[in-house]
Each structure stands twice: as structure tokens, then as C-alpha cells.
Amino acid sequence: IAERTARREQVNFEELLTQAQCGSEAALGEILARYRPLLVKHSICDGFFDEDLYQELCMTMIKCIHCFRI
């Protein structure tokens, strides 16, 4: 069951990625939402959340999404 769920999530992510690359803001927003905890984690410097760093990480992720080849 876990393998089927993981496969379904992978397919859903591939669909989201394709949609985001085609300009879907909803798909792009969903990808960013899925990775928000990781982005927030890496936006903490010296124990404080750095909003500018978070924004830069989000922009970098968006650029990577558009360059990624499936």
C-alpha cells in the first residue's frame, strides 16, 4: 500500500511540475507549499527567520522548476 501511495504522489508531483512549467500558478503554489517547511528551515540564520533569504530561496526554486527536465 505504501508503494502505491508513494507512486501516486510521484505521479501527482510530476503532473504538478509539468503544469507549473506550463505556467500554472496554482501548480507552482502547490509545489512551494509542499516544500515550505524545508524552505523555512533553510531560511533561519542565527536562530532567526530571514524573510529575504526565504524569498531568495523561493525564487531560486521557481527558476529551478522552470529549468528542470522531466
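A residue counts as buried when its relative accessible area is under 20%. By that cut-off isoleucine 31, at 0% relative accessibility, is buried. This is a useful residue to start from in a predicted model, so let us begin there and work outwards.

## Isoleucine 31 and the overall layout

Isoleucine 31 sits in helix H2. Setting aside neighbours within four places in sequence, isoleucine 31 is in contact with Phe13, Leu16, Leu17, Ala20, Met61 and Ile65. One of these partners, phenylalanine 13, is 18 residues away along the chain, and the two C-alpha atoms are separated by 7.9 Å.

Stepping back, the chain has four helices and two strands, and their order along the sequence is α-α-α-β-β-α. Of the 70 residues in the chain, 20% are buried. Among contacts with a separation of 6 or more, 41% are between residues 24 or more positions apart. The accessible surface of the chain is about 5,600 Å², and carbon and sulfur atoms hold 56% of that surface.

## The nonpolar core

Which residues touch the most other members of the largest nonpolar core? They are Ala20, Leu28, Ile31, Leu32, Leu39, Met61 and Ile65, in a core of 13 residues. Helix H1 (2-21), helix H2 (25-34) and helix H4 (51-67) are the elements that each give two or more residues to this core. The largest share, five residues, comes from H4.

Methionine 61 is a good residue to click on here: leaving out residues up to four places away in sequence, methionine 61 touches Ile31, Leu32, Tyr35 and Leu39.

## Two helices with a buried face

In H2, the buried residues are Ala27, Leu28, Ile31 and Leu32. Viewed down the axis of H2, these buried residues fall within an arc of 135°, so they line one face of the helix. The exposed residues Glu25 and Ala26 are on the face of H2 turned away from that buried side.

H4 has 17 residues and spans 24 Å from its first C-alpha to its last, close to the 24 Å expected at 1.5 Å a residue. Its buried residues are Tyr54, Cys58, Met61, Ile62 and Ile65. Down the axis of H4 they fall within an arc of 100°, so they too line one face of the helix. Turned away from the buried side of H4 is a face with the exposed residues Asp52, Glu56, Lys63 and Cys67.

Cysteine 58, in helix H4, counts as buried at 10% relative accessibility. Beyond its neighbours within four places in sequence, cysteine 58 is in contact with Leu32 and Leu39. From cysteine 58 to tyrosine 35 the C-alpha to C-alpha distance is 9.4 Å, with their positions 23 residues apart in sequence.

## Aromatic pairs

How many aromatic pairs does the count come to? The count comes to two, and the table sets them side by side.

| Pair | Distance of centres | Angle of planes | Kind |
|---|---|---|---|
| Phenylalanine 13 and tyrosine 35 | 6.2 Å | 70° | edge-to-face |
| Phenylalanine 49 and tyrosine 54 | 5.7 Å | 50° | tilted |

Why is the pair of phenylalanine 13 and tyrosine 35 edge-to-face? Planes over 60 degrees apart count as edge-to-face, and the planes of these two rings are at 70°, so the pair falls in that group. Phenylalanine 13 lies in helix H1 and tyrosine 35 in the loop between H2 and H3, so the pair ties together parts that are 22 residues apart in sequence. Phenylalanine 13 is partly exposed at 24% relative accessibility, and tyrosine 35 is partly exposed with a relative accessible area of 32%.

In the pair of phenylalanine 49 and tyrosine 54, phenylalanine 49 is partly exposed with a relative accessible area of 44%, whereas tyrosine 54 counts as buried at 18%.

## Serine 43

Is serine 43, in the loop between helix H3 (36-41) and strand E1 (44-45), buried or exposed? Serine 43 is buried, at 0% relative accessibility. Not counting residues up to four places away in sequence, serine 43 touches Phe48, Phe49, Asp50, Leu53, Tyr54 and Leu57. This list includes Phe49 and Tyr54, the two residues of the tilted aromatic pair.

Definitions and conventions: Residues numbered from 1 in each chain as written. Predicted model: local features only at pLDDT ≥ 70, side-chain atom pairs only at ≥ 80, totals over all residues. Heavy atoms only, no water. Buried < 20%, exposed > 50% of the residue type's maximum accessible area, 1.4 Å probe, protein only. Contact = heavy atoms within 4.5 Å. Areas by Shrake-Rupley, 256 points an atom, 1.4 Å probe, with all protein chains shown as cover. Core = buried A, V, L, I, M, F, W, Y, C linked by side-chain atoms within 4.5 Å. Arc of directions from axis to C-beta. Phe/Tyr/Trp six-rings, centres within 6.5 Å; stacked < 30°, edge-to-face > 60°. Expected span 1.5 Å × (residues − 1).
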